[in-house]
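Reader: I am in my first year and still learning to read protein models. Could you take me slowly through one strand and what lies around it, after a short look at the whole chain?

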Amino acid sequence: MRETTNLEYKQELTKTYLKTVSAFANYETGEIIFGVDDSGNAVGLDNPKEACLIIENTINGNLKPVPKFKLSVNDAEKTVVLTVYKGKQTPYFYNNKAYRRADSSTVEVDRLELTQLVLKGANETFDSLESSQQDLKFEKLKSELIEKAGIDKFDENVLISLELKEPKGYYNNAAALLADKNTFGGVDVARFGEDINSILSRHTLSKQSLLAQLEVATEIFDEHYTYEKIIGVNRIKKELIPREAFREAIANALVHCRWDMKANINVGMYPDRIEIKSPGGLPEGMSEESYLNGGPSIARNPILANVFFRLGYIERFGTGIPRIRDAYADKEVSPIFLIEEMSVTVVLPSESFAILSREEREVLRVIPKEIALTRNEIEVAANISKDKTIRILKNLEEKKMITRIGNGRSTKYYRA
């Protein structure tokens with residue numbers, strides 16, 4: 001077995017493993033096995049019990065604070081397993097530095113990551129910290145609360161009840177982000193032609209209330225992705241991309257953004273799709289599976305999330321992704337979610353995202369949305385030849401209509 005994010009091998013005792021102890025304690029429980037070479041072969045230690053004593057004393061003397069850990073001996077292979085548990089008193093330092101795992105390597109965290117570890121250890125979030133700006137005005141927030149939350153009187157008590165102002169008298173970062181003017185970035189909207197080299201228009205929405213940014217971004221969407229169609233004597237409003245999906249995606253990006261990164265949310269508007277890229281990756285403690293399946297919601301900025309919830313822009317319990325998918329329930333295309341370490345991108349395709357041939361539509365029709373099929377199963381169900389099925393599957397994959405999993409004979413395809 002190869003080394004992984006939460007597994008490391010050490011052939012002998014050297015202090016370099018203490019960096020990995022820091023990494024496991026800071027981010028994710030893991031094991032270090034001593035007496036094993038880099039290939040995973042047990043070579044044994046001369047005296048495993050003595051090694052346990054040395055490891056225990058070394059961790060106690062070099063890690064600050066000392067994380068919870070456990071040592072066990074495999075007498076048959078003469079190896080020692082050190083289990084380091086993810087801790088709550090982050091950051092855990094070794095030689096005044098904090099570490100994290102990057103695949104099978106251990107690296108020092110950067111300044112931003114260290115800040116996040118400090119906040120996590122103090123059970124605080126960025127939006128709860130005291131703002132460097134205290135001369136704040138809230139006309140936009142006031143009008144939204146009166147209109148959507150039924151608040152009759154907007155005063156200091158309202159700001160305190162929304163946790164935007166501390167009883168001690170100072171505003172936090174959430175308040176600054178919702179204030180009419182601030183020093184934060186925001187949403188960068190670029191509208192493209194047929195390719196990224198053709199920029200038709202650009203709007204940088206920053207240094208203003210997140211509520212104003214949401215409103216303006218939605219207005220830009222309405223201008224380019226909605227239209228009226230006359231049917232008989234009636235004017236019917238049509239949407240090239242579901243409006244509800246766009247607003248949900250923007251609202252979630254604003255709430256979950258890493259505002260300490262000084263990076264904007266990028267919205268790329270194309271003729272056949274919209275791509276919304278939010279900096280920061282998934283919130284700490286949320287898995288990719290939980291995010292995609294609408295599991296328990298973990299708000300990176302809970303104070304902001306509460307205000308957006310009160311105004312009806314988001315749901316509290318992780319329903320953002322299911323709601324975006326629901327908006328596409330009657331469409332032949334589906335939203336795409338791209339999760340990377342430092343960003344999350346939501347792709348909202350229009351019906352023109354893929355102009356399908358009759359045979360492509362037939363192949364897509366026989367592939368269920370939640371069940372993966374082999375090429376042979378698709379070929380039989382669609383009643384077309386093997387060569388044609390292979391070509392069509394390749395085309396659909398390029399158009400991001402389907403996703404391929406596995407390799408060789410175990411390859412399967414499912415609706416994206």
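Author: In this predicted model, the secondary structure of the protein chain comes to 14 helices and 19 strands. The C-alpha trace spans about 90 × 70 × 35 Å along its principal axes, and of the 416 residues in the chain, 45% count as buried. If we take the contacts between residues at least 6 apart in sequence, 62% of them join residues at least 24 apart. The accessible surface comes to about 21800 Å², and carbon and sulfur atoms account for 47% of that area. As for charge, the chain carries 58 positive and 62 negative side chains, with the centres of the two sets lying 2 Å apart.

With that background, we can turn to strand β16, which covers residues 343-349. Here 7 of the 7 residues are buried, so the strand is largely enclosed by the rest of the structure. To follow how this looks in detail, it helps to recall that in a regular strand the side chains alternate between the two faces of the sheet. In β16, one side holds Ser-343, Thr-345, Val-347 and Pro-349, the other side holds Val-344, Val-346 and Leu-348, and all of these residues are buried, which leaves both faces covered.

The strand also has pairing partners. Strand β14, made of residues 273-279, pairs with β16 in the antiparallel sense over 7 bridges, and within this pairing Ile-276 stands opposite Val-346. Strand β15, made of residues 336-340, likewise pairs with β16 in the antiparallel sense, here over 5 bridges, and Ile-336 stands opposite Val-347. The link between β15 and β16 is a hairpin, with 2 residues between the two strands.

For a contrast with a strand covered on both faces, consider helix α12, residues 358-366, whose buried residues are Glu-360, Val-363, Leu-364 and Val-366. Seen down the axis of α12, these buried residues fall within an arc of 170°, so they line one face of the helix. On the other side of α12, Arg-358 and Arg-365 are exposed. The buried residues of α12 pack against several elements, among them the helices α13 (375-382) and α14 (386-398), as well as the strands β17 (373-374), β18 (402-405) and β19 (412-415). Placing the two elements side by side, β16 has buried residues on both of its faces, whereas the buried residues of α12 line one face of the helix.

Terms used
Residues are numbered from 1 along each chain as its sequence is written. This is a predicted model: local features need pLDDT of at least 70, side-chain atom pairs count only at pLDDT 80 or more; totals for chains, interfaces and linings use all residues. Side-chain values use heavy atoms; hydrogens and water are left out. Helices (H or I, at least four residues) and strands (E, at least two) are DSSP runs, numbered from the N terminus. Buried means under 20% relative accessible area, exposed over 50%, partly exposed in between (1.4 Å probe, protein chains only). Contact means heavy atoms within 4.5 Å. Accessible areas come from the Shrake-Rupley method with a 1.4 Å probe; for residues, only the protein chains shown count as cover. Lys and Arg count as positive and Asp and Glu as negative; His and the chain ends are not counted. The place of a charge is taken as NZ of Lys, CZ of Arg, CG of Asp or CD of Glu. Two strands pair if DSSP finds at least two bridges between them. The arc is that of the directions from the helix axis to the C-beta atoms.
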